[in-house]
Amino acid sequence: MANSRSVRNLTQGKIFSQILLFAIPVIIGNLLQELYNVVDTLIVGKLLEK
């Protein structure tokens, strides 16, 4: 059975594009986590306000 996952060699090629491609999923994950925290804070704030 062949492995269908692609492997990216981060030691070759243009460093900026390699770092950018590596960082994009991390940045998206951090933004989604921060959005969750803000929404959670708003919901808890509304419940405590009553």
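User: Which residues does Q18 touch, not counting residues up to four places away in sequence?

Analyst: With those sequence neighbours left out, Q18 touches R8, N9, L10 and Q12. Touching here means a contact, that is, heavy atoms within 4.5 Å. Bear in mind that this is a predicted model, where local features need pLDDT of at least 70, side-chain atom pairs count only at pLDDT 80 or more, and totals for chains, interfaces and linings use all residues. Residues are numbered from 1 along each chain as its sequence is written, and side-chain values use heavy atoms, with hydrogens and water left out.

User: Why is Q18 called buried?

Analyst: Buried means under 20% relative accessible area, exposed means over 50%, and partly exposed is in between (1.4 Å probe, protein chains only). Q18 has a relative accessible area of 11%, so it counts as buried. Q18 lies in helix α1, and across the 50 residues of the chain, 2% count as buried.

User: What makes L10 partly exposed?

Analyst: The relative accessible area of L10 is 42%, which falls in between the two cut-offs, so the label is partly exposed. L10 sits in the segment before α1. It touches Q18 and F22, again leaving out residues up to four places away in sequence. L10 and F22 are 12 residues apart in sequence, with 8.8 Å from C-alpha to C-alpha.

User: How many helices and strands are in the chain, and how do you know that?

Analyst: There are 1 helix and 0 strands. Both are DSSP runs numbered from the N terminus: a helix is H or I over at least four residues, a strand is E over at least two. Helix α1 covers residues 15-49, so it passes the cut-off of at least four residues.

User: How do you know whether the chain is spread out or a compact globule?

Analyst: Set its radius of gyration, taken over C-alpha atoms, against the globule rule, 2.2 Å times the number of residues to the power 0.38. The rule gives 10 Å for 50 residues and the chain comes out at 19 Å, well over that, so it is more spread out than a compact globule. Along its principal axes, the C-alpha trace spans about 55 × 35 × 10 Å. Within that trace, Q18 and Q33 are 24 Å apart, C-alpha to C-alpha, and 15 residues apart in sequence.

User: What makes the nonpolar surface patch?

Analyst: Its members are I15, F16, I19, L20, L21, I24, I28, L32, L35, V39, I43 and L47, and together they make about 1,200 Å². Patch residues need over 30% relative accessible area and no salt bridge; nonpolar side chains (Val, Leu, Ile, Met, Phe, Trp, Tyr) are joined within 5 Å, like charges within 9 Å. A salt bridge is a side-chain nitrogen of Lys or Arg within 4 Å of a carboxyl oxygen of Asp or Glu.

User: Why do V39 and I28 count as partly exposed?

Analyst: V39 is at 40% relative accessibility and I28 is at 46%, so both values fall in between the buried and exposed cut-offs. I28 lies in helix α1, and its C-alpha atom is separated from that of I15 by 20 Å, 13 residues along the chain.

Terms used
Areas by Shrake-Rupley, 256 points an atom, 1.4 Å probe, with all protein chains shown as cover.
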